[in-house]
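The following account leads the reader through a structure, beginning with one pair of strands and moving outward from there. Please keep the sequence and the coordinates at hand while reading.

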Amino acid sequence: MIAYAIRRILVGIVLLLSMVLVVFVLFFASGNPAKSVCGKFCTPEKLTQVTKVYGYDQPITTQFGEFIQGLAVGRDYPVNDAYRAALEKSNPDLVIHCAAPCLGYSQHDAATVNADIAKYAPVTISIAVFAFIFWIFFGVFFGVLAAVFKGKWLDRILVGVTLVVYALPTFFVGTFLLQYVAIKWQLVPYPTYVSIADGGVGGWLVGLTLPALTLALFYMAAYVRITRAFVLESLSEDYIRTARAKGLTERVVLFKHGLRAALTPLLSMAGLDFAALLAGAVITESVFNYQGLGLLAVIANQNSDLPVLIGLVIVAGAAVIIMNILVDILYAFVDPRVRLR
Amino acid sequence: MSRPFLSVANLAVHFPTSDGLVRATDGLSYTLERGKTLGIVGESGSGKSVSSSAILGLHRGTNAQVSGEIWFDGTDLLSLSDEDMRRRRGKDVAMIFQDPLSALHPYYRVGDQISEAYLAHNQVSKRVARARTIEMLDRVGIPQPDRRVDDYPHQFSGGMRQRVMIAMALINDPILLIADEPTTALDVTVQAQILDLLQELQREFNTALIMITHDLGVIAEIADDVLVMYAGRAVEYGATRDLMTQPAMPYTWGLIQSIPDVTRSVDLPLRPIPGNPPSLLNQPPGCAFFARCEYAQFVPGDRCATTLPDLLPLSDGHLKRCHLDHDLASYAVVETGAI
């Protein structure tokens, strides 16, 4: 069991490093990065300065080595040694130390990428967790309900409604909730993100309701149908007939024998969907103007802020890899057959 | 007057589908006494499993339409409420299924799955149920039962898994045991062990046994009576000896001829029955076997195609559903259909 977990984690680390390499190569394959970072109103002086700050004049292998080094032990900006030494004497405030795991430095924001992400991540994580709990709870609940009442009117209504909800685009649902629920009918206060430190758990939850709901509705609709399909499949298995033949009550047959096998595959799906949300729900955050990672990505993209984009892609990839490992380890607890492999 | 221990009368199981009514079983009747074994033989889809599942009430809660009577130990099982049926299921009547790997839940320990059956019908503590489970595992010949009780199904071999299923079925000392092709998924050597075990346990508990199979070899070995099913109906029914030595229905004869036999010369090809069983949807009016029957030519007119023969007794008492008047041996059939 422990050996299995360690093996999974080691594979995860290798995967993470390969991902960083691919991201790095992709971003540097598109010509001179200094030019895009320098921006629209670039002057030759500014270009030289950008090149020195990021060390874009070095061979790409060296840059990659320094990036990995920064991830492991941290690094200093500007990267160019002579430039940094000169700056240290003239203007020491402009020398930035980026502690490990250093994801880079954004000249545009005058902050390390880590600081940027740390600033925007709480909103995204809050929305993701809230939405996740909501969609898992109601998605599975309605999914099981639909499966149990298969073919009856309740099932038909649930399947029909989820189809409509699933088809609605996020920007529509978000704008609708904002326009009507918050502004016209004033059922909830106008949504703004309030951290737990500022508004307590209550204020935090109220602030998250609409964006989380927007996000959750789509996933919930998908999970109702997936759960329904998994439960129906499980209920048609031979071991369900065995359970009935033993004389167990229908409740035990459904909840103990049926759901156990039906909900296990949901575990891996839910893990990955949650990880994907951690990269930021771009549309939802934009509609509600919440300062999350999705919005950070949009802003960084508009400003050609390459370091921030690299950092975000790596964080998003890491989230998926880590959730994958977690799900794999959890699976071994849930499915006894996994342990032998 | 006393009713037989188990008496199935005019049992029909129909499934309404969007394509029409599937008559999986129709007009099925048979009886069985305690300590005796009835073999039900037939091809896949002949209604063997469907009709036997009806005894346990496994069609309840589905869209199946079950009619007829199933008198078991003095009660008509079909007239019981769902809850009363559940109380008898797994206690008085138990069933063993074909593929023990899929019939056991992959996520639960075998011990828990077996004791669950005991706990469903007995007000005892989990410890008592566990002790009883270990005792049953030992009884069905699983070595080191006190250790294996905590293993999962995938950690057992096929034969051992079927023993687990048998232990599960017998833990409440059922008086009727239905074995649905219990040896089909097993190695030949293991098959014999499982059959021996079933017979031994049957003698010990004086259980009535219904053995569903498509293997006449198994029937010959353990059954007192045989019921041959074809397209949802009984086509021949009688004592095993009579039926095996004097088959009166061409289908039974076809089944007997298609048994591989190690002593048979390799030059003599097996004689499979040509064709496939008919669809259970929109069955033709005549004999269901007519299209595949080599003897239909000896029946005058088109009676085989138009009239369903009745299940009628022969001189030795066994029943056949066939228009032929004489013994099969008296007809000269051209050897066709051999590969």
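In this predicted model, Asp180(B) has Ile212(B) in β8(B) as its bridge partner. That pair belongs to the ladder between strand β7 (residues 176-180) and strand β8 (residues 208-213) of chain B, where the two strands run parallel and are joined by 5 bridges. Both strands are part of an open sheet of 8 strands in chain B, whose order is β6-β7-β8-β3-β9-β10-β12-β11 and whose pairing is mixed. The edges of this sheet are β6 (93-96) and β11 (311-313) of chain B, each of which pairs on one side only. From one strand to the next, the twist averages 20°.

Two helices may be considered with this sheet. Helix α1(B) lies across β3 (37-41), β6, β7, β8 and β9 (225-230) of chain B, and runs at about 150° to β8(B). Helix α8 (residues 188-205) of chain B also packs on the sheet, where it touches β3, β6, β7 and β8 of chain B; the direction of α8(B) makes about 160° with that of β8(B).

Chain B contains a further open sheet, formed by 4 strands in the order β2-β1-β4-β5 with antiparallel pairing. Here the edge strands are β2 (20-32) and β5 (75-76) of chain B, each pairing on one side only. Strand β4 (residues 65-72) of chain B is joined to β5(B) over 2 bridges in the antiparallel sense, and Trp71(B) stands opposite Asp76(B) of β5(B). Helix α1 (residues 48-56) of chain B, already met above, lies across β1 (6-17), β2 and β4 of chain B as well, at about 110° to β1(B). Thus α1(B) lies across strands of the 4-stranded sheet and across strands of the 8-stranded sheet.

The next topic is the interface between the chains. The size of an interface is often given as the accessible area lost when the parts come together. Between chain B and chain A the buried area is about 2,200 Å², with carbon and sulfur atoms giving 60% of that area. Tyr107(B), Tyr108(B) and Glu116(B) supply 31% of the area that chain B buries against chain A, more than any other three residues. In terms of contacts, 22 residues of chain B meet 21 residues of chain A.

Polar interactions also cross this interface. There are 2 salt bridges between chain B and chain A, and Glu116(B) forms a salt bridge with Lys256(A) through their side chains, at 2.9 Å from N to O. The count of residue pairs in polar contact between the two chains is 13, with both residues at pLDDT 80 or more. On the side of chain B that touches chain A, the elements giving two or more residues are α3 (100-103), α4 (110-121) and α7 (158-170) of chain B. Of these, α4(B) gives the most, with 5 residues. The residues on this side of chain B divide into 13 nonpolar, 6 polar and 3 charged.

Chain A, finally, shows some backbone features to note. Most residues other than glycine have a negative phi, and most peptide bonds are trans. The peptide bond from Tyr77(A) to Pro78(A), however, is cis, with omega near -5°; Pro78(A) is placed in the loop between β1 (75-77) and α5 (81-90) of chain A. The bond from Ala100(A) to Pro101(A) is likewise cis, with omega near -5°, and Pro101(A) lies in the loop between β2 (96-98) and β3 (105-106) of chain A. Ala110(A), which is not a glycine, has a positive phi of about 50°. This residue, Ala110(A), is found in the loop between β3 and β4 (111-112) of chain A.

Note on methods: Residues are numbered from 1 along each chain as its sequence is written. Chains are lettered from A and ligands numbered from 1 in the order in which they are written. This is a predicted model: local features need pLDDT of at least 70, side-chain atom pairs count only at pLDDT 80 or more; totals for chains, interfaces and linings use all residues. Side-chain values use heavy atoms; hydrogens and water are left out. Two strands pair if DSSP finds at least two bridges between them. Contact means heavy atoms within 4.5 Å. Axes are lines fitted to C-alpha atoms, for helices over the stretch in contact, and angles run from 0 to 180 degrees between N-to-C directions. Buried area is the accessible area (1.4 Å probe) that two parts lose on being put together, summed over both. A salt bridge is a side-chain nitrogen of Lys or Arg within 4 Å of a carboxyl oxygen of Asp or Glu. A polar contact is a pair of N or O atoms within 3.5 Å; within protein, one must be able to donate a hydrogen and the other to accept it, and residues adjacent in sequence count only if both atoms are side-chain atoms. Ala, Val, Leu, Ile, Met, Phe, Trp, Tyr, Cys and Pro count as nonpolar, Asp, Glu, Lys and Arg as charged, and the others, Gly among them, as polar.
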